[in-house]
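Take a moment to turn the model around before reading on. We will walk through its inner spaces, its cores and a few backbone details together.

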Amino acid sequence: MTTAATYAEFAARETRGVSPSYERLSLAVSRDGEVLARLGTLPPAKRQPNLLFGVVRLLGGPVGDPVAFHDYVVTNWPVVQAEMRTRATQTNEAGRCAILLPVLAALPQPLALLEVGTSAGLCLYPDRYAYRYGDHQIGTGDPVLSCVATGMAPPSGRPEVVWRAGLDLNPLDVTDPADLAWLEALVWPEHAHRLARLRAAAALAAAEPPLLVRGDLVDDLPALAAQAPADATLVVFHTSVLYQVPAPRREAFAELVRGLAGHWIVSEAPDVLPYETLPPPPDATLYNVLALDGTPLAWTRPHGQGIIWFGSPSGPALGFGHGG
Ligand SMILES: C[S@@+](CC[C@H](N)C(=O)[O-])C[C@H]1O[C@@H](n2cnc3c(N)ncnc32)[C@H](O)[C@@H]1O
């Protein structure tokens with residue numbers, strides 16, 4: 001796909017109705033020869049809209065007006081491109097715990113959680129957040145993760161977590177102001193609720209920091225998994241990570257995780273892992289697929305704001321794990 005098409009698709013499938021300013025910007029960039037030419041000097045993985053927009057926001061540039069954005073990018077290209085080359089999109093969305101909870105709560109407790117592509121580890125606290133599925137509230141406190149759930153009963157409760165660890169090529173530290181500033185710049189402009197959620201989740205994680213390990217999800221997973229307590233159910237999970245991983249490495253990762261004693265939960269784009277069958281997506285916007293041990297269960301909205309269940313009507317089909 002060309003960079004222009006990537007920006008046009010980002011406008012149509014990810015930002016329309018979700019972030020008007022990013023929809024305007026991405027459409028404008030898709031038609032902006034000067035900005036596209038500059039993006040073309042970057043490696044393909046570094047040309048993505050979230051990275052460009054996040055870097056401009058981090059640098060204090062304008063994202064409300066496409067003309068001002070164009071002028072800023074063209075004038076400040078040396079610093080913009082330098083930041084884009086060294087950074088990656090590491091959006092850490094605690095809200096995604098709301099789409100993991102139905103599966104986590106149904107597994108044999110207690111759980112040992114191991115998240116690959118963990119960013120700052122904010123999805124490692126599904127037992128600490130509060131949730132709202134329609135009128136159904138689970139837990140109290142801050143943040144409250146709201147999720148529109150369709151085709152399923154709300155989860156039975158929160159899981160019991162006795163161990164939590166995250167693996168990332170570049171773990172972020174929520175107690176480091178520079179890392180927190182980058183995480184905040186990655187939250188889309190109109191999403192004040194997500195910014196508040198990020199800050200509340202970061203405060204919670206700072207009070208009880210998770211074990212975060214710098215490493216690769218293939219090379220370094222076995223050693224970290226070996227540290228999990230044997231008397232808890234090991235759950236390896238990841239959300240919105242595999243699109244950043246080359247296809248041969250994704251296959252190596254899937255093979256590796258299938259060989260571990262435990263369960264494997266995924267919420268990822270439909271094209272990054274092979275599924276025998278998937279129902280048609282609900283509409284043309286971007287959905288991820290929630291899967292347990294390779295079996296697809298639901299369509300999920302990218303920030304955890306919605307889940308449309310199509311798996312077993314009684315909830316996650318347990319008991320067919322691979323050894324755990
Ligand atoms: C878009 S962020 C998602 C973070 C988190 N999973 C969430 O949903 O909030 C993707 C993360 O995957 C990490 N990542 C990408 N490739 C990786 C790899 N090969 N091994 C470990 N982490 C990786 C990135 O550094 C980044 O922090």
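A cavity here is a set of points, on a 1 Å grid over the protein atoms alone, where a 1.4 Å probe fits but cannot get out; a pocket is an open set with protein on both sides within 12 Å along at least five of seven lines, and lining residues have an atom within 4 Å of a point. Grid points are joined across faces, edges and corners, and a volume is the space filled by probe spheres set on the points. The model is predicted, with local features needing pLDDT of at least 70 and side-chain atom pairs counting only at pLDDT 80 or more, while totals for chains, interfaces and linings use all residues. Residues are numbered from 1 along each chain as its sequence is written, and side-chain values use heavy atoms, with hydrogens and water left out.

With that in hand, let us look inside. Searching the whole structure turns up one cavity of 30 Å³ or more, and its volume is about 70 Å³. Around this largest cavity you will find Thr91, Asn92, Glu93, Ala94, Leu183, Val187, Arg194, Arg197, Leu198 and Ala201. Helices (H or I, at least four residues) and strands (E, at least two) are DSSP runs, numbered from the N terminus. Helix H9 (residues 192-207) contributes most to the cavity lining, with four residues. For residue classes, Ala, Val, Leu, Ile, Met, Phe, Trp, Tyr, Cys and Pro count as nonpolar, Asp, Glu, Lys and Arg as charged, and the others, Gly among them, as polar. On that basis the cavity lining has five nonpolar, two polar and three charged residues.

H9 also takes us to an open space. The second largest pocket has a volume of about 240 Å³. It is lined by 15 residues, and Ser146, His193, Arg194, Arg197 and Gln305 lie nearest its centre. Both E4 and H9 give two or more residues to this lining, and H9 has the largest share, four residues. By class, the pocket lining divides into four nonpolar, seven polar and four charged residues. Arg194 and Arg197 are worth a second glance, for they line the largest cavity and also lie among the residues nearest the centre of the second largest pocket.

Next come the packed regions. Buried means under 20% relative accessible area, exposed over 50%, and partly exposed in between (1.4 Å probe, protein chains only). A nonpolar core is a set of buried Ala, Val, Leu, Ile, Met, Phe, Trp, Tyr and Cys residues joined through side-chain atoms within 4.5 Å. The largest such core has 67 residues, and Leu39, Leu52, Tyr129 and Ile265 have the most contacts inside it. Helix H7 (residues 97-104) supplies the largest share of this core, seven residues. Another core, of 32 residues, lies apart from it and includes Leu114, Leu224, Val241 and Tyr275.

Contact means heavy atoms within 4.5 Å. Leaving aside neighbours within four places in sequence, Tyr129 is in contact with Ala94, Cys97, Leu122, Ile138, Pro143, Leu145, Arg158, Ala201 and Leu204. Two of these partners, Ala94 and Ala201, also line the largest cavity.

Leu52 leads us to helix H4 (residues 49-58), which is mostly covered, with eight of its ten residues buried. Those buried residues are Pro49, Asn50, Leu51, Leu52, Phe53, Gly54, Val55 and Val56. They pack against helices H1 (3-15), H2 (20-30), H3 (33-39), H5 (66-75), H6 (77-86) and H8 (177-185). After H4 comes Gly60, with a positive phi near 85°.

The loops hold some backbone details too. The peptide bond from Gln109 to Pro110 is cis, with omega near -5°, and Pro110 sits in the loop between H7 and strand E1 (111-116). Asp142 and Pro143 are also joined by a cis peptide bond, with omega about 0°; Pro143 belongs to the loop between strands E3 (136-138) and E4 (144-150). Asp293, although not a glycine, has a positive phi of about 50°. Its loop runs between strands E9 (288-292) and E10 (295-300), and at 14% relative accessibility Asp293 counts as buried.

Finally, follow strand E11 (residues 306-309). Two strands pair if DSSP finds at least two bridges between them. E4 and E11 pair in the parallel sense over three bridges, with Ile307 in E11 as the bridge partner of Ala149. E10 and E11 run antiparallel and are joined by three bridges, with Trp309 as the partner of Ala298. Their hairpin has five residues between the strands, and Gly304 takes a positive phi near 85° there.
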